[in-house]
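Let's take a friendly walk through a protein model, one residue and one helix at a time. Keep the picture open beside you and find each spot as it comes up.

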Amino acid sequence: MNDINFCLQASGVAVNDDVIKVFNEMKVRKSSTPEEIKKRKKAVLFCLSPDKREIIVEPEKQILVGDIGCTVEDPYGSFVKLLPLNDCRYGLYDATYETKESKKEDLVFIFWAPDNAPLKSKMIYASSKDAIKKKFTGIKHEWQVNSLEDIKDRTTLADRLGGNVVVSLEGTKLK
(Lines give C-alpha, C1' and ligand atoms only; values in the text may rest on other atoms or scores of the structure.)
Protein backbone atom coordinates (compact mmCIF):
# COMPACT_ATOMS: atom_id res chain seq x y z
CA MET A 1 0.00 0.00 0.00
CA ASN A 2 1.46 3.37 -0.93
CA ASP A 3 1.63 6.36 1.43
CA ILE A 4 -1.16 8.32 -0.24
CA ASN A 5 -3.66 5.47 0.03
CA PHE A 6 -2.67 4.97 3.66
CA CYS A 7 -3.28 8.67 4.40
CA LEU A 8 -6.66 8.58 2.73
CA GLN A 9 -7.58 5.51 4.75
CA ALA A 10 -6.32 7.05 7.99
CA SER A 11 -8.89 9.85 7.89
CA GLY A 12 -11.01 8.88 4.91
CA VAL A 13 -10.55 12.39 3.48
CA ALA A 14 -9.27 13.06 -0.05
CA VAL A 15 -7.82 16.30 -1.44
CA ASN A 16 -9.85 17.94 -4.21
CA ASP A 17 -7.97 18.70 -7.45
CA ASP A 18 -8.82 22.42 -7.12
CA VAL A 19 -6.77 22.53 -3.89
CA ILE A 20 -3.71 21.21 -5.75
CA LYS A 21 -4.34 23.65 -8.62
CA VAL A 22 -4.47 26.62 -6.21
CA PHE A 23 -1.27 25.47 -4.49
CA ASN A 24 0.58 25.10 -7.81
CA GLU A 25 -0.59 28.55 -8.93
CA MET A 26 0.63 30.10 -5.68
CA LYS A 27 3.93 28.22 -5.79
CA VAL A 28 4.84 29.33 -9.31
CA ARG A 29 5.54 33.05 -9.41
CA LYS A 30 6.00 33.64 -13.11
CA SER A 31 3.07 36.03 -13.52
CA SER A 32 4.24 38.65 -15.94
CA THR A 33 1.57 41.18 -16.84
CA PRO A 34 0.15 43.51 -14.17
CA GLU A 35 -3.29 41.90 -14.69
CA GLU A 36 -1.91 38.38 -14.10
CA ILE A 37 -0.10 39.55 -10.97
CA LYS A 38 -3.31 41.10 -9.58
CA LYS A 39 -5.11 37.74 -9.98
CA ARG A 40 -2.46 35.85 -7.99
CA LYS A 41 -3.64 34.57 -4.64
CA LYS A 42 -1.96 36.07 -1.58
CA ALA A 43 -3.86 33.83 0.84
CA VAL A 44 -6.49 31.11 0.63
CA LEU A 45 -8.37 28.88 3.06
CA PHE A 46 -9.25 25.22 2.63
CA CYS A 47 -12.00 23.38 4.49
CA LEU A 48 -13.71 20.04 4.60
CA SER A 49 -16.59 19.51 2.19
CA PRO A 50 -20.06 19.35 3.77
CA ASP A 51 -19.96 15.53 3.68
CA LYS A 52 -16.47 15.58 5.31
CA ARG A 53 -15.04 13.36 2.53
CA GLU A 54 -12.63 15.80 0.91
CA ILE A 55 -10.61 18.94 1.46
CA ILE A 56 -11.82 21.74 -0.81
CA VAL A 57 -11.02 25.38 -1.54
CA GLU A 58 -13.28 27.39 0.76
CA PRO A 59 -15.48 29.63 -1.41
CA GLU A 60 -14.93 33.38 -1.02
CA LYS A 61 -12.09 32.87 1.49
CA GLN A 62 -9.10 34.26 -0.37
CA ILE A 63 -7.10 37.43 -0.84
CA LEU A 64 -5.77 38.35 -4.27
CA VAL A 65 -2.60 40.36 -4.80
CA GLY A 66 -4.74 42.90 -6.69
CA ASP A 67 -6.85 43.47 -3.56
CA ILE A 68 -3.84 44.76 -1.62
CA GLY A 69 -3.93 48.54 -1.46
CA CYS A 70 -7.45 48.67 -2.96
CA THR A 71 -9.79 46.78 -0.65
CA VAL A 72 -7.10 45.24 1.57
CA GLU A 73 -4.62 47.50 3.36
CA ASP A 74 -3.06 44.84 5.57
CA PRO A 75 -2.95 41.45 3.83
CA TYR A 76 -1.86 39.53 6.93
CA GLY A 77 -4.51 41.13 9.16
CA SER A 78 -7.13 40.44 6.47
CA PHE A 79 -6.03 36.81 6.29
CA VAL A 80 -6.44 36.45 10.06
CA LYS A 81 -9.98 37.87 9.76
CA LEU A 82 -10.88 35.15 7.24
CA LEU A 83 -10.33 32.44 9.86
CA PRO A 84 -13.46 31.15 11.61
CA LEU A 85 -13.33 31.66 15.39
CA ASN A 86 -14.97 28.31 16.22
CA ASP A 87 -13.77 25.84 13.60
CA CYS A 88 -10.61 24.46 12.01
CA ARG A 89 -9.14 25.29 8.60
CA TYR A 90 -6.03 24.84 6.52
CA GLY A 91 -4.52 27.92 4.96
CA LEU A 92 -1.81 28.94 2.54
CA TYR A 93 -0.29 32.36 3.04
CA ASP A 94 2.24 33.87 0.63
CA ALA A 95 4.38 35.81 3.10
CA THR A 96 6.47 38.73 1.88
CA TYR A 97 9.17 39.62 4.35
CA GLU A 98 12.57 41.20 4.73
CA THR A 99 15.63 39.93 6.50
CA LYS A 100 18.70 41.99 7.20
CA GLU A 101 20.13 40.69 3.91
CA SER A 102 17.25 40.50 1.41
CA LYS A 103 13.55 40.53 0.54
CA LYS A 104 11.85 37.14 0.40
CA GLU A 105 8.55 35.45 -0.40
CA ASP A 106 7.62 32.06 1.02
CA LEU A 107 4.45 30.03 1.24
CA VAL A 108 3.37 29.14 4.76
CA PHE A 109 1.03 26.20 5.39
CA ILE A 110 -1.17 26.99 8.37
CA PHE A 111 -3.24 24.49 10.33
CA TRP A 112 -5.80 26.56 12.23
CA ALA A 113 -7.29 24.62 15.15
CA PRO A 114 -8.66 27.11 17.68
CA ASP A 115 -9.07 25.87 21.23
CA ASN A 116 -12.83 26.43 21.13
CA ALA A 117 -13.41 24.40 17.92
CA PRO A 118 -15.51 21.25 18.37
CA LEU A 119 -13.43 18.20 19.33
CA LYS A 120 -14.76 16.20 16.36
CA SER A 121 -13.65 18.95 13.97
CA LYS A 122 -10.18 19.12 15.54
CA MET A 123 -9.83 15.37 15.24
CA ILE A 124 -10.82 15.10 11.56
CA TYR A 125 -8.73 18.13 10.53
CA ALA A 126 -5.72 16.80 12.47
CA SER A 127 -6.03 13.32 10.98
CA SER A 128 -6.45 14.75 7.46
CA LYS A 129 -3.53 17.21 7.66
CA ASP A 130 -0.99 14.78 6.21
CA ALA A 131 -3.17 14.20 3.14
CA ILE A 132 -3.06 17.90 2.20
CA LYS A 133 0.57 18.38 3.28
CA LYS A 134 1.72 15.58 0.96
CA LYS A 135 0.13 17.45 -1.96
CA PHE A 136 1.95 20.67 -1.03
CA THR A 137 5.46 19.65 -2.06
CA GLY A 138 8.22 22.12 -1.30
CA ILE A 139 6.53 23.96 1.57
CA LYS A 140 9.30 25.20 3.88
CA HIS A 141 7.14 26.66 6.62
CA GLU A 142 4.37 24.96 8.54
CA TRP A 143 2.54 26.46 11.47
CA GLN A 144 -0.13 25.02 13.73
CA VAL A 145 -2.05 27.78 15.46
CA ASN A 146 -4.52 27.28 18.31
CA SER A 147 -5.41 30.81 19.38
CA LEU A 148 -6.31 34.12 17.82
CA GLU A 149 -3.69 35.86 19.98
CA ASP A 150 -0.91 33.70 18.48
CA ILE A 151 -1.91 34.25 14.87
CA LYS A 152 -2.59 37.99 15.28
CA ASP A 153 0.97 38.53 16.53
CA ARG A 154 3.12 39.08 13.42
CA THR A 155 6.30 38.31 15.34
CA THR A 156 5.10 34.71 15.80
CA LEU A 157 4.89 34.30 12.01
CA ALA A 158 8.23 36.10 11.62
CA ASP A 159 9.78 33.55 14.00
CA ARG A 160 8.48 30.75 11.74
CA LEU A 161 10.00 32.45 8.70
CA GLY A 162 13.45 33.03 10.10
CA GLY A 163 13.45 34.15 13.68
CA ASN A 164 15.24 37.32 14.69
CA VAL A 165 16.72 37.87 11.20
CA VAL A 166 13.26 38.94 9.92
CA VAL A 167 12.98 42.73 10.16
CA SER A 168 9.63 43.32 8.42
CA LEU A 169 6.53 41.38 7.36
CA GLU A 170 4.25 42.66 4.59
CA GLY A 171 6.06 45.99 4.69
CA THR A 172 5.47 46.47 8.43
CA LYS A 173 8.61 46.80 10.53
CA LEU A 174 8.84 44.37 13.43
CA LYS A 175 9.94 45.41 16.89
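Lys-39 counts as exposed because its relative accessible area is 61%, and exposed means over 50%. You will find Lys-39 in helix H3, which covers residues 34-39. Although Lys-39 and Leu-64 are 25 residues apart in sequence, their C-alpha atoms are 5.8 Å apart in space. Please keep in mind that this is a predicted model.

Now look at Glu-60, in strand E3 (residues 54-64). Glu-60 is exposed too, because its relative accessible area is 75%. Its backbone deserves a second look: phi of Glu-60 is near 65°, a positive value in a residue that is not glycine. Most residues other than glycine have a negative phi.

**The chain as a whole**

How many helices and strands does the protein chain have? There are seven helices and eight strands. Of the 175 residues in the chain, 43% are buried. Take the contacts between residues at least 6 apart in sequence: 63% of them join residues at least 24 apart.

**Two buried residues**

Tyr-90 sits in strand E4 (residues 89-99). Is Tyr-90 buried or exposed? Tyr-90 is buried, because its relative accessibility is 0%. Leaving out neighbours within four places in sequence, Tyr-90 is in contact with a long list of residues, among them Val-44, Leu-45, Phe-46, Ile-55, Phe-109, Ile-124 and Ile-132. The C-alpha atoms of Tyr-90 and Phe-109 are separated by 7.3 Å, with the two residues 19 apart along the chain. Lys-129 is also one of the contacts of Tyr-90, and the side chain of Tyr-90 reaches the backbone nitrogen of Lys-129 at 3.4 Å.

Ser-121 belongs to helix H5 (residues 119-135). Ser-121 counts as buried because its relative accessibility is 12%, and the cut-off for buried is under 20%. Setting aside neighbours within four places in sequence, Ser-121 is in contact with Asp-87 and Cys-88. With Asp-87 there is a polar contact of 2.4 Å between the two side chains.

Here are the residues whose accessibility has come up so far, together with Glu-170, which we visit below.

| Residue | Relative accessibility | Class |
|---|---|---|
| Lys-39 | 61% | exposed |
| Glu-60 | 75% | exposed |
| Tyr-90 | 0% | buried |
| Ser-121 | 12% | buried |
| Glu-170 | 18% | buried |

**Two helices to compare by eye**

Helix H4 (residues 75-82) is mostly covered, with six of its eight residues buried. Those buried residues are Pro-75, Tyr-76, Gly-77, Phe-79, Val-80 and Leu-82.

Which residues of helix H7 (residues 154-162) are buried? They are Arg-154, Leu-157, Ala-158 and Leu-161. Viewed down the axis of H7, these buried residues fall within an arc of 105°, so they line one face of the helix. Just after H7 comes Gly-163, with a positive phi of about 70°.

**Glu-170 and the largest pocket**

Glu-170 lies in the loop between strand E7 (166-169) and strand E8 (172-173). Glu-170 counts as buried because its relative accessibility is 18%. Like Glu-60, Glu-170 has a positive phi without being glycine, in this case near 55°. Not counting residues up to four places away in sequence, Glu-170 touches Lys-42, Pro-75, Tyr-76, Tyr-93, Asp-94, Ala-95, Thr-96 and Arg-154. Two of these names, Pro-75 and Tyr-76, you met among the buried residues of H4, and Arg-154 is one of the buried residues of H7. Glu-170 and Tyr-76 are 94 residues apart in sequence, yet their C-alpha atoms are 7.3 Å apart in space.

Rolling a probe the size of a water molecule over the atoms shows where empty space is left. In this model, the largest pocket holds about 160 Å³ of space. Which residues line the largest pocket? Glu-170 is one of them, and so are Arg-40, Lys-42, Val-65, Ile-68, Glu-73, Pro-75, Asp-94, Thr-96 and Glu-105. By type, the lining divides into three nonpolar, one polar and six charged residues.

To finish, try tracing Glu-170 once more: it sits in the loop between E7 and E8, touches Lys-42 and Asp-94 among others, and helps line the largest pocket.

Methods:
Residues are numbered from 1 along each chain as its sequence is written. This is a predicted model: local features need pLDDT of at least 70, side-chain atom pairs count only at pLDDT 80 or more; totals for chains, interfaces and linings use all residues. Side-chain values use heavy atoms; hydrogens and water are left out. On a 1 Å grid over the protein atoms alone, a cavity is a set of points where a 1.4 Å probe fits but cannot get out, and a pocket is an open set with protein on both sides within 12 Å along at least five of seven lines; lining residues have an atom within 4 Å of a point. Grid points are joined across faces, edges and corners, and a volume is the space filled by probe spheres set on the points. Ala, Val, Leu, Ile, Met, Phe, Trp, Tyr, Cys and Pro count as nonpolar, Asp, Glu, Lys and Arg as charged, and the others, Gly among them, as polar. Helices (H or I, at least four residues) and strands (E, at least two) are DSSP runs, numbered from the N terminus. Buried means under 20% relative accessible area, exposed over 50%, partly exposed in between (1.4 Å probe, protein chains only). A polar contact is a pair of N or O atoms within 3.5 Å; within protein, one must be able to donate a hydrogen and the other to accept it, and residues adjacent in sequence count only if both atoms are side-chain atoms. Contact means heavy atoms within 4.5 Å. The arc is that of the directions from the helix axis to the C-beta atoms.
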